[in-house]
Amino acid sequence: MKKKQHKEKDLSTDQTLKPTGSAYHIPVLLQETIEGLSIQPGGIYVDCTFGGGGHSKAILAKLNEKGRLFAFDQDEDAKRNLPDDKRIVFIPHNFRHLSRFLRLYDVTAVDGILADLGVSSHQFDEAERGFSTRFDAALDMRMDQRQALTAFNVVNEYDELRLHKLLEQYGEVTNAKTLAKKIVQVRDHVLLKTIDAFKNALREVVKGNPNKYFAQVFQALRIEVNDELGALKEMLQQLPKLLKPGGRVAIITFHSLEDRLVKSFFRRGSFDEPEVNPFIMEEKVNELIVITKKPLQPSEKEIKENPRSRSARLRVAEKVMMV
Ligand SMILES: C[S@@+](CC[C@H](N)C(=O)[O-])C[C@H]1O[C@@H](n2cnc3c(N)ncnc32)[C@H](O)[C@@H]1O
């Protein structure tokens, strides 16, 4: 049976909700995340999504001089936010290669891992990155600018069915089939190179509020371009082996597709539905214990101060002491 996605859309992508304050990114659920990680002062920590470095700085503040922090971000721009601190190492790569890059530093087990998923405010607010429907720019949307695939390739080269499915699944676009058909019709005559050209060419199939509609379409394209769900799955699968017994993982998601993967992996160590078969007695041993029975969400105060935090959900798990 097809699962119902919760209707809340990724408000971090809402073009009208620009936070005030920190220019690069305001960290969300900061205190809750740091508490959830239950930081050991001399421990080894990983921030999978360094961004503006807000969470990393709070982790460093809890570490003593022996503690270490490995900060990943596939966007080179994030590097400019690195604090002058010899305890932190920046790794400008996708967190899907977490264990592989840590091994280069002789690290095979860590005390805590954080991932604050999605795009930073900086990426949304830089017109030329192509993430925002507010600006006109090339259809890009790559977090990692070394990567070949851009939103231009997805829009102009994917076949109709593939476009339909990704718009439906990643953006919950109500008329995904019609939109995919229209994209294919239009691009037979003219390549869709820019955000304005894309929006103008598709105006007649827009359903409801155009801002909301294109925010959903852009969310779908962005998830595809950056293979966000694939990277998340690969990272989650590395956690049980990488965490020390008693080590913690904290993950902040911004839409139900991500949250469902995290919830399922934390609970069952897999992404599949549990098999209902009375003849199978063997239970899969899960190496993670769920700490947050329900995901933590931002307070009204935080949402007021930073509207982009509204759809954030934090889940925390701990590696069991002994299996
Ligand atoms: C929401 S921001 C993180 C903000 C950060 N916690 C802070 O306090 O400023 C997400 C960041 O993670 C990066 N990112 C997203 N997916 C990634 C991946 N698969 N691998 C590496 N970096 C990723 C993005 O480039 C972006 O800079």
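How far does a backbone N or O atom of G54 lie from an oxygen atom of the ligand? Let's work up to that together.

This is a predicted model, in which local features need pLDDT of at least 70 and side-chain atom pairs count only at pLDDT 80 or more, while totals for chains, interfaces and linings use all residues. Residues are numbered from 1 along each chain as its sequence is written, and side-chain values use heavy atoms, with hydrogens and water left out.

**Exercise 1. Describe the polar contacts of the ligand.**

Step 1. Begin with the term: a polar contact is a pair of N or O atoms within 3.5 Å; within protein, one must be able to donate a hydrogen and the other to accept it, and residues adjacent in sequence count only if both atoms are side-chain atoms.

Step 2. Take the opening question: the distance from the G54 backbone atom to the ligand oxygen is 3.1 Å.

Step 3. Turn to the nitrogen atoms of the ligand. A polar side-chain atom of H55 is 2.8 Å from a ligand nitrogen, and a polar backbone atom of Q74 is 3.1 Å from a nitrogen of the ligand.

Step 4. Look at the cover. On its own the ligand has 610 Å² of accessible area, and the protein covers 98% of this (Shrake-Rupley method, 1.4 Å probe; for residues, only the protein chains shown count as cover).

**Exercise 2. Place I34 in the fold.**

Step 1. Find the element: I34 belongs to helix α1, residues 30–37 (helices are DSSP runs of H or I with at least four residues, strands are E runs with at least two, numbered from the N terminus).

Step 2. Is I34 buried or exposed? I34 counts as buried because its relative accessibility is 10% (buried is under 20% relative accessible area, exposed over 50%, partly exposed in between, with a 1.4 Å probe and protein chains only).

Step 3. List the partners. Leaving aside residues up to four places away in sequence, I34 touches I39, H55, A58, I59 and K62 (contact means heavy atoms within 4.5 Å). Among them is H55, whose side chain you met beside a ligand nitrogen.

Step 4. Look along the chain: A250 is 216 residues from I34, yet their C-alpha atoms are separated by 8.7 Å.

**Exercise 3. Do likewise for H164.**

Step 1. H164 sits in helix α6, residues 160–171.

Step 2. With a relative accessible area of 10%, H164 is buried.

Step 3. Beyond residues up to four places away in sequence, H164 touches A176, K177 and A180.
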